Amino acid sequence: MLFRSETPVALAAPSLLTQYGVQSGSSSSALVAFSQSGAGPDIVALTREARAAGALTVAVTNSPDSELAAAAAHLIDLGAGPEEAVAATKTYVAELVAVVLIASGAARALGRGGEWLSTIEGIPAEMSAALRETDAWIAAAYPDSAVQAMHRADRVLVATRGFQYPNALEFALKLRETTGVFADGFSAADLLHGPIASANSETPTVIIETDPITSPSLAPIGDRLRERGVPLLRISSSGT
């Protein structure tokens with residue numbers, strides 16, 4: 001992944017350090033570590049190693065008194081409050097907002113930006129509106145055959161593309177944690193190359209189509225899944 005500044009950005013695999021002893025931090029790198037509890041030993045070890053190597057280290061956590069917070073040079077306290085559910089939904093949503101704020105700060109520092117920067121202040125109102133509308137959405141969605149199929153199924157697929165891919169993975173994780181159903185998230189492109197063989201009339205699929213840039217590319221996956229008789233639930237921001 002590249003920012004527009006051409007700075008390479010990638011996921012860090014803590015196991016490279018904790019299992020293989022490979023140190024990857026350096027004075028020319030930065031590490032942003034995300035953790036709800038801030039207690040995961042692998043991510044704490046990776047952050048300590050990176051900081052010792054001179055890297056800029058930032059902990060994004062809902063636990064400001066955690067080991068991770070102490071290991072990093074800088075702390076972003078999510079302040080989401082105690083997680084009372086199995087799925088740490090509040091923390092995840094707060095992490096997404098933190099990512100937007102970090103990215104906007106980086107863009108401003110580089111003299112870059114765009115129209116999306118002006119939307120940040122509207123996020124709280126948008127989230128409040130979404131919460132108010134949740135019950136009505138659920139009531140309207142329940143008669144949908146795909147939603148009913150999800151209630152009966154023991155497998156569910158979630159597919160999308162682009163920046164929504166992490167949300168597809170998180171959606172699948174939340175389904176597993178809260179219902180016990182086996183759910184898996186995919187890039188739609190990857191799903192078409194092999195895993196689609198597991199899709200059938202007994203495997204409901206959720207397609208996230210909220211990114212106007214990638215939504216057109218999701219049409220073929222929807223067509224292929226319909227051909228296989230797959231119950232589809234589309235999450236769209238277009239209202240269609």
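This is a guided tour of a predicted model, moving from the whole chain to its two sheets, its salt bridges and a surface patch.

**Before selecting anything**

Because this is a predicted model, local features are given where pLDDT is at least 70 and side-chain atom pairs count only at pLDDT 80 or more, while totals for chains, interfaces and linings use all residues. Residues are numbered from 1 along each chain as its sequence is written, and side-chain values use heavy atoms, with hydrogens and water left out.

**The whole chain**

Start with the protein chain in cartoon view, where there are nine helices and seven strands; helices (H or I, at least four residues) and strands (E, at least two) are DSSP runs, numbered from the N terminus. Taken along the principal axes, the C-alpha atoms of the chain fill a box of roughly 55 × 40 × 40 Å. Of the 240 residues, 34% are buried, where buried means under 20% relative accessible area, exposed means over 50% and partly exposed lies in between, with a 1.4 Å probe and protein chains only.

**The sheet of three strands**

Select β1 (30-35), β2 (residues 56-61) and β3 (74-77), which form an open sheet in the order β1-β2-β3 with parallel pairing; two strands pair if DSSP finds at least two bridges between them. The strands β1 and β3 stand at the edges with a single partner strand each, so one side of each is left without a neighbour in the sheet. From one strand to the next, the twist averages 15°, the angle being taken between N-to-C directions of lines fitted to C-alpha atoms (for helices over the stretch in contact), on a scale from 0 to 180 degrees. Six bridges join β1 to β2, and in that pairing V32 has V58 in β2 as its bridge partner.

**The sheet of four strands**

Next select β4 (residues 155-160), β5 (182-187), β6 (residues 205-209) and β7 (residues 232-236). These strands form an open sheet in the order β5-β4-β6-β7, with parallel pairing. Here β5 and β7 are the edge strands with a single partner each, so one side of each has no neighbour in the sheet. The twist averages 20° from one strand to the next.

Zoom in on V158, which has G185 in β5 as a bridge partner and also stands opposite V206 in β6. The pairing of β4 with β5 runs over six bridges, and that of β4 with β6 over three bridges. On the other flank, β6 and β7 pair over five bridges, with T205 opposite L232 in β7.

Now isolate β6 and show its side chains: T205, I207 and E209 point one way, while V206 and I208 point the other way. Five of the five residues of β6 are buried, so this strand is largely enclosed by the rest of the structure. Adding helix α9 (residues 219-227) to β6 and β7 shows a right-handed β-α-β unit, a handedness that applies if, with the strands pointing away from the viewer, the path from the first strand over the helix to the second runs clockwise.

**Salt bridges**

The whole structure holds four salt bridges, each being a side-chain nitrogen of Lys or Arg within 4 Å of a carboxyl oxygen of Asp or Glu. Stay on β6 and β7 and select R234 and E209, whose side chains meet in a salt bridge at 2.8 Å, N to O. This pair links distant parts of the chain, with R234 in β7 and E209 in β6, 25 residues apart. E209 is buried, with a relative accessible area of 13%, whereas R234 is partly exposed at 33%.

Move to α9 and select D223 and R226, which meet in a salt bridge of 3.5 Å, N to O. Being three residues apart in that helix, D223 and R226 are separated by about one helical turn.

Then select E67 and R48, whose closest N and O atoms are 3.4 Å apart in a further salt bridge. E67 belongs to helix α3 (residues 67-71) and R48 to helix α2 (residues 41-52), so the pair ties together parts that are 19 residues apart in sequence.

**A nonpolar patch**

Finally, return to β1 and select V32, F34, V99 and I102, which form a nonpolar surface patch with about 280 Å² of accessible area together. The elements giving two or more residues to this patch are β1 and α4 (89-109). I102 lies in helix α4 and, at 33% relative accessibility, counts as partly exposed. Patches are made of residues with over 30% relative accessible area and no salt bridge, with like charges joined within 9 Å and nonpolar side chains (Val, Leu, Ile, Met, Phe, Trp, Tyr) within 5 Å; accessible areas come from the Shrake-Rupley method with a 1.4 Å probe, and for residues only the protein chains shown count as cover.
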